[in-house]
Amino acid sequence: MVNWRPPLSAELAVVRRSGLVESRHLGSLLALDADGSVALSLGDPDATILPRSTTKPLQALACLTAGAPLTGPELAIAAGSHTGEDAHVDVVRRLLERAGLEESALQCPVDWPEDEPTRVALIRAGAERSTVRMNCSGKHAAMLLACAVNGWPTASYLDPGHPLQQHVRAVTAEWTGAPVRHDATDGCGAPLFGTTVRGLATAFRALSLATEGPAAEVAGAMRTHPFFVGGTGHQNSAVMELVPGAVAKGGAEGVIGVAGPDGQAVAMKVVDGNPRATTLLALTVLGGLGVDVSAAASLTALPVLGGGVPVGAIEPGTDVLAWLEGR
């Protein structure tokens, strides 16, 4: 048992209501400039964190380098957390069909789709929760395809000792630039390899700058097919739709990694686990690094409502603002 304590933390964001700071989000953040130098370091970016779904682009990269024939939307959904819309399910089912497997091979939990109209329509039709609608089913289907093409067991594909998961572990260490810090199990049941905020920023910068090979294929699929990384109204999708050349992937518990087209990158972990300010912060910091994020202004306007009317906003915290003022 590891007794985890919040690392040294900075004030990343505040929630201001009617002129009063109602809540503060503390955490760690690291930003890399286009040349790879550290432009901003807040909190403890070298503390061990669980990257949650922010690590999915690396898991997709591992499936690809293990021989899974993934391209286009299939590769994008392997790197994403989809909202369970019909187009997403079609791609997941296609991956399973190519692996010669049924939906029952998916070992992620059953769930309703995150997309509300799709969820309502399914409930009205009398449908039940399913694995294929769960937001991680694309990753799981890609893992099963990687197993199928290699002749690896599919029933045990989530075992940490499975050849595929050992490969994911190695890819994670290679692209983050650091050994795996901790072994855990993600919410979807897949092995989860602990890293650092610095490691995530390093990995996203490398993905963004890749011009050839599997890493470039992963980044290209995410950029070209952002809908399959998230879905309708999903912030990760919106970032990549609105900021040309960006690569973005958030995860549960306040983790996110975003990189601009020229290698500027930012990653963070919010200690309280609330992700509501992570996209705002990532875009704010990338803007401070010279990335043109003007088209994504709607993603940085986070009003606080009172009676349905804006009475405040979620804003960058003092430590972030101080850095911006010094730029």
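**View 1. Leu299 and its contacts in the predicted model.** In this predicted model, Leu299 is in contact with Gln235, Ala238, Val239, Leu242, Thr279, Leu280 and Leu283, leaving aside its neighbours within four places in sequence. Look for Leu299 in the loop between H10 and E9. Is Leu299 buried or exposed? With a relative accessible area of 11%, Leu299 counts as buried, because the cut-off for that label is under 20%. For a sense of scale, try Gly245 as a second marker: 54 residues separate Gly245 and Leu299 along the chain, and their C-alpha atoms are 17 Å apart.

**View 2. Val258 and the largest nonpolar core.** Which residues touch the most other members of this 94-residue core? They are Leu12, Leu29, Leu70, Leu106, Val258, Val266 and Val285. Helix H5, residues 137–150, gives the most to this core, with 7 residues. Apart from the largest core lies another one of 8 residues, including Leu30, Leu200, Ala201 and Val255. Zooming in on Val258, and not counting residues up to four places away in sequence, you will find that Val258 touches Phe204, Val239, Val247, Ala248, Gln264, Ala265, Val266, Ala282 and Leu286. As background, nonpolar side chains tend to be buried together in soluble globular proteins.

**View 3. The largest pocket and its lining.** Here is a pocket with a volume of about 520 Å³. Its lining is made up of 27 residues, and those nearest the centre are Glu114, His234, Gly250, Gly251 and Ala252. Four elements give two or more residues to this lining: helix H9 (235–242), strand E6 (247–251), strand E7 (255–259) and helix H10 (278–288). Which element gives the most? That is E6, with 3 residues. By residue class, the lining divides into 14 polar, 7 nonpolar and 6 charged residues.

**View 4. Strand E10 and its partners E1 and E9.** Strand E10 covers residues 309–316 and runs antiparallel to E1, residues 10–17, with 5 bridges joining the two. E10 is also antiparallel to E9, residues 303–306, through 4 bridges. Gly312 is a handy place to centre this view: Arg17 stands opposite Gly312, and so does Val304. E9 and E10 form a hairpin with 2 residues between them. In that turn, Gly307 has a positive phi of about 65 degrees.

How values were computed
Residues numbered from 1 in each chain as written. Predicted model: local features only at pLDDT ≥ 70, side-chain atom pairs only at ≥ 80, totals over all residues. Heavy atoms only, no water. Pairing = 2+ DSSP bridges. 1 Å grid on protein atoms, 1.4 Å probe; cavity = no way out; pocket = protein on both sides within 12 Å on 5 of 7 lines; lining within 4 Å. Points joined across faces, edges and corners; volume = space filled by probe spheres on them. Nonpolar A, V, L, I, M, F, W, Y, C, P; charged D, E, K, R; others polar. Core = buried A, V, L, I, M, F, W, Y, C linked by side-chain atoms within 4.5 Å. Buried < 20%, exposed > 50% of the residue type's maximum accessible area, 1.4 Å probe, protein only. Contact = heavy atoms within 4.5 Å.
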